[in-house]
Amino acid sequence: MNFEKLLQYKCLVFDLDGTLVDSMPFHYGAWVKAVEPFGFVPDREWMYKHGGVPSHKIATILIKEHNLPFSDPHELAAIKTRHYLENIKNVEVYPVMKELLDYARAHSIPMGIGTGTLRTNAEYIVGNTILKNYISVIVSADDVSNHKPHPDTFLKVAEAFNAEPSESAVFEDSFFGFEAAVNGGFNLIKIVNGVPQF
């Protein structure tokens with residue numbers, strides 16, 4: 001794949017789950033386990049569409065829609081996170097994205113992650129995969145008040161590199177991530193099954 005288009009950008013901002021790493025099946029599986037005691041299976045398509053949305057916000061929706069016995073959505077989110085962490089070691093970087101990262105590093109283009117996942121999870125994935133050799137900035141769900149589709153997560157990454165959104169590219173796989181990139185004035189590059197759609 002030809003990555004020359006990347007040379008026009010001052011920095012690259014990546015979503016993590018489903019964009020750099022093939023982790024969405026593990027997130028979905030964790031939600032399935034978390035709500036299994038309550039007799040329903042969450043819709044896979046709905047979950048994938050909400051990739052990038054913090055777990056406690058998804059928990060809030062599930063609790064309301066299915067009348068689950070939680071007064072605090074963080075309790076359900078914690079159960080989901082526990083199940084997710086059981087498989088986090090199996091998360092792998094998409095091969096084409098690895099090639100992209102190599103190209104960007106070879107051309108000294110700064111790279112950061114803007115994710116809706118918790119900082120502990122994001123740092124664990126980065127620290128235990130090859131991503132640690134490429135990523136110098138992580139902005140997580142813990143670092144902003146307004147999550148995707150608000151652009152704050154991506155804006156904070158670009159700010160760390162002293163780059164304007166118009167000078168930066170955002171790589172995203174989810175609907176809310178697409179909206180966040182557009183809302184922030186970034187150049188959006190969609191990721192489909194681990195492949196950038198240049």
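In the predicted model, Asp15 and Lys148 are both buried, and the two residues form a salt bridge in which the closest N and O atoms are 3.0 Å apart. This pair links distant parts of the chain, with Asp15 placed in the loop between strand S1 (11-14) and helix H1 (24-35) and Lys148 in the loop between strand S3 (137-139) and helix H7, at a separation of 133 residues. Lys148 is also one partner of a cis peptide bond, which joins Lys148 to Pro149 with an omega of about 20 degrees; Pro149 likewise lies in the loop between S3 and H7.

The structure holds 7 salt bridges, and two further examples involve Arg119. Glu123 pairs with Arg119, the closest N and O atoms being 2.7 Å apart, and because the two residues stand 4 residues apart in helix H6 (residues 119-127), they are separated by about one helical turn. Glu123 has a relative accessible area of 40% and is therefore partly exposed, while Arg119, at 24%, is also partly exposed. Arg119 forms a salt bridge with Asp143 as well, again with the closest N and O atoms 2.7 Å apart. Here the pair links distant parts of the chain, since Asp143 belongs to the loop between S3 and H7 and Arg119 to helix H6, with the two positions 24 residues apart in the numbering. Asp143 has a relative accessibility of 24%, so Asp143 counts as partly exposed. Salt bridges that share partners also join Asp15, Lys148 and Glu172 into one network.

The largest nonpolar core has 33 residues, and those with the most contacts inside it are Leu6, Leu12, Phe14, Leu20, Leu131, Ile135 and Phe171. Two or more residues are given to this core by each of S1, helix H5 (95-106), strand S2 (111-114), H6, S4 and S5, and H5 gives the most, with 5 residues. The surroundings of Phe14 illustrate this packing: when its neighbours within four places in sequence are left aside, Phe14 is in contact with Leu20, Met97, Leu100, Leu101, Met111, Gly112, Ile113, Gly114, Ile135 and Phe171. Apart from this core lies another, of 16 residues, among them Met47, Ile63, Phe70 and Ala77.

Helix H8 (residues 175-183) has Phe176, Gly177, Phe178, Ala180 and Ala181 as its buried residues. These buried residues pack against two helices, H2 (44-49) and H7 (152-160), and against two strands, S4 (168-172) and S5 (187-192). Just after H8, Gly185 takes a positive phi of about 80 degrees.

Positive phi values also occur at two asparagines. Asn67, in the loop between H3 and H4, has a phi near 50 degrees, a positive value in a residue other than glycine, and with a relative accessibility of 70% Asn67 counts as exposed. Asn162, in the loop between H7 and S4, has a phi near 55 degrees, again positive in a residue other than glycine, and at 64% relative accessibility Asn162 counts as exposed.

With regard to voids, a search of the whole structure finds 1 cavity of 30 Å³ or more. The largest cavity has a volume of about 220 Å³ and is lined by 22 residues, of which His27, Gly52, Val53, Ser55 and Lys80 lie nearest its centre. The elements that give two or more residues to this lining are H1, helix H3 (55-66) and helix H4 (73-85), with H1 giving the most, 4 residues. By class, the cavity lining comprises 9 nonpolar, 10 polar and 3 charged residues.

The largest pocket has a volume of about 200 Å³. Its lining is made up of Gly18, Asp22, Met24, Pro25, Tyr48, Tyr94, Asp173, Ser174, Ile191, Val192, Asn193 and Gly194, and at least two residues of this lining are supplied by each of H1 and S5. The residues lining the largest pocket divide into 6 nonpolar, 4 polar and 2 charged.

Methods
Residues numbered from 1 in each chain as written. Predicted model: local features only at pLDDT ≥ 70, side-chain atom pairs only at ≥ 80, totals over all residues. Heavy atoms only, no water. Buried < 20%, exposed > 50% of the residue type's maximum accessible area, 1.4 Å probe, protein only. Contact = heavy atoms within 4.5 Å. Salt bridge = Lys/Arg side-chain N within 4 Å of Asp/Glu carboxyl O. 1 Å grid on protein atoms, 1.4 Å probe; cavity = no way out; pocket = protein on both sides within 12 Å on 5 of 7 lines; lining within 4 Å. Points joined across faces, edges and corners; volume = space filled by probe spheres on them. Nonpolar A, V, L, I, M, F, W, Y, C, P; charged D, E, K, R; others polar. Core = buried A, V, L, I, M, F, W, Y, C linked by side-chain atoms within 4.5 Å.
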